[in-house]
Amino acid sequence: MAGGLFSIDKKYFFELGTYDPGLEVWGGENMELSFKVWMCGGEIEIIPCSRVGHIFRKDNPYSFPENRIKTIERNLIRVAEVWLDEYKEIFYGHGHHLLEQSLTIGNLTQQRELRKKLGCRSFKWYLENVFPDIEAPVVKASGVIINVALGRCISLENGMAVLDECDGGSKSQHFNYTWLNLLKQGDRCLAPVPSIGDLSLFPCDNRNNKLRWLHKLTGVLHPEELLCCTFDKDTRCSTTKRSGIKF
C-alpha cells in the first residue's frame with residue numbers, strides 16, 4: 001500500500017493504534033500499517049476508479065535525524081522486528097549491513113503488546129492467505145552437506161563435525177543454510193574452532209561474521225578465514241584451502 005494514496009476510517013485507524021509512534025519522519029509506515037490491517041483482521045481494497053493526487057515538494061520542509069537513507073533503514077528494521085516474525089531473516093539476508101550498523105531503533109515493547117492486544121495473526125498466515133503467490137522460504141537451503149568426492153555427509157558427533165554415511169533422516173546430519181549465510185542445526189551454528197581448524201557447533205549470532213559460510217558451485221567457503229570445508233583421511237571435518245563439500 002502506498003502511504004500517501006489511501007483513505008481509512010478515523011475510528012478504525014485509532015483502534016489499530018495509528019502509525020507506530022517510534023517511526024521517524026517517513027519510510028516504512030506504509031508497510032507497517034499494511035501488515036497491521038491484514039494481520040489484525042482488516043482488509044485493504046483497491047478502488048480502480050478513484051483519483052488521488054500526491055504531489056512531492058521540490059525540497060523537504062523538514063529534516064531527517066541523520067540522513068534520509070539511515071532513517072528509512074531504521075524504520076524498516078523496526079517494522080521487521082515487530083511484524084515479520086521468523087521471516088525477518090530474509091529481510092536481513094538482503095541487507096547484512098543493517099545488522100552491522102547497529103542502528104538504534106527504540107523500544108519495541110509497546111508495539112509488540114499492541115499486536116497481542118489486537119489478536120493479530122502471524123506473518124506466516126499473511127504470506128499464505130494474503131500474498132500466496134510470493135515464495136518466501138525461511139531458509140535458503142535445507143538438508144545434508146555432502147562431500148561429493150567421497151559420497152559422505154557431515155554429521156555431528158559429541159559436538160564435533162565428522163564424515164559419515166549419508167542419511168537424510170538423521171537429525172545429526174540435517175542443516176539449514178540461512179539467509180544470513182549460517183549453517184544452522186537447531187539454535188546452534190557450524191563454524192571452525194579457533195586456532196585448531198576442526199568444525200564444531202557454536203551459539204548462533206546473526207552479527208558474527210565468523211559463523212558465515214558462502215555457498216558456491218565449487219563448495220562451501222568460510223569467507224572470514226578464506227578457507228574451505230574439507231575432510232582428512234580419518235573423516236574429521238576441518239577447514240583447509242582445499243574445497244570439498246556441497247550443500
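# Helix 2, its surroundings and two pockets

User: What makes G41 worth a look in this predicted model, and which sign does its phi take?

Analyst: Just after helix 2, the residue G41 takes a positive phi, of about 105°. The model is predicted, and the secondary structure of its protein chain comes to seven helices and 13 strands.

User: Why is helix 2 called largely enclosed?

Analyst: Eight of the eleven residues of helix 2 are buried, so the rest of the structure largely encloses this helix. A residue counts as buried when its relative accessible area is under 20%, and the residues of helix 2 that meet this cut-off are E29, E32, L33, S34, F35, K36, V37 and M39. The cover over these buried residues includes helix 1 (10-15), helix 3, helix 6 (109-117) and helix 7. For the protein chain of 247 residues, 40% count as buried.

User: Which residues touch the most other members of the largest nonpolar core, and which helix gives the most to this core?

Analyst: The largest nonpolar core has 32 residues, and those that touch the most other members are F35, M39, I77, W83, Y92, F123 and Y126. At least two residues of this core come from each of helix 2, helix 3, helix 4 (88-93), helix 5 (97-100), helix 7 and strand 7 (188-192). Helix 3 gives the most, with five residues. Membership asks for buried residues joined through side-chain atoms within 4.5 Å, and F35 and M39 of helix 2 are indeed among the buried residues of that helix.

User: How do you know that Q101 is partly exposed, and what is its relative accessible area?

Analyst: The relative accessible area of Q101 is 30%, and because partly exposed covers the range between the buried limit of 20% and the exposed limit of 50%, Q101 is placed in the partly exposed class. Q101 lies in the loop between helix 5 and helix 6.

User: With which residues is Q101 in contact, leaving aside its neighbours within four places in sequence?

Analyst: With those neighbours left aside, Q101 is in contact with K70 and E73, where contact asks for heavy atoms within 4.5 Å. The C-alpha atoms of Q101 and K70 are separated by 9.6 Å, although the two residues are 31 apart along the chain; the contact between Q101 and K70 is judged on heavy atoms, and the C-alpha separation is therefore not the value to set against the 4.5 Å cut-off.

User: What is the volume of the largest pocket, and how do its lining residues divide?

Analyst: The largest pocket has a volume of about 820 Å³. It is lined by 31 residues, of which M1, A2, S34, W38 and I44 are the closest to its centre. The lining divides into 25 nonpolar, three polar and three charged residues. Helix 2 (29-39) and helix 7 (123-129) each supply at least two residues of that lining, and helix 2 gives the most, with six.

User: What is the volume of the second largest pocket, and which helix gives the most to its lining?

Analyst: The second largest pocket has a volume of about 410 Å³. Among the 19 residues that line this pocket, G4, W26, E29, H54 and F56 are the closest to its centre. Helix 2 and helix 3 (68-83) are the elements that give two or more residues to the lining, and helix 2 gives the most, with three. The lining of the second largest pocket divides into ten nonpolar, seven polar and two charged residues.

Note on methods: Residues numbered from 1 in each chain as written. Predicted model: local features only at pLDDT ≥ 70, side-chain atom pairs only at ≥ 80, totals over all residues. Heavy atoms only, no water. 1 Å grid on protein atoms, 1.4 Å probe; cavity = no way out; pocket = protein on both sides within 12 Å on 5 of 7 lines; lining within 4 Å. Points joined across faces, edges and corners; volume = space filled by probe spheres on them. Helix = DSSP H or I, 4+ residues; strand = E, 2+ residues; numbered from the N terminus. Nonpolar A, V, L, I, M, F, W, Y, C, P; charged D, E, K, R; others polar. Buried < 20%, exposed > 50% of the residue type's maximum accessible area, 1.4 Å probe, protein only.
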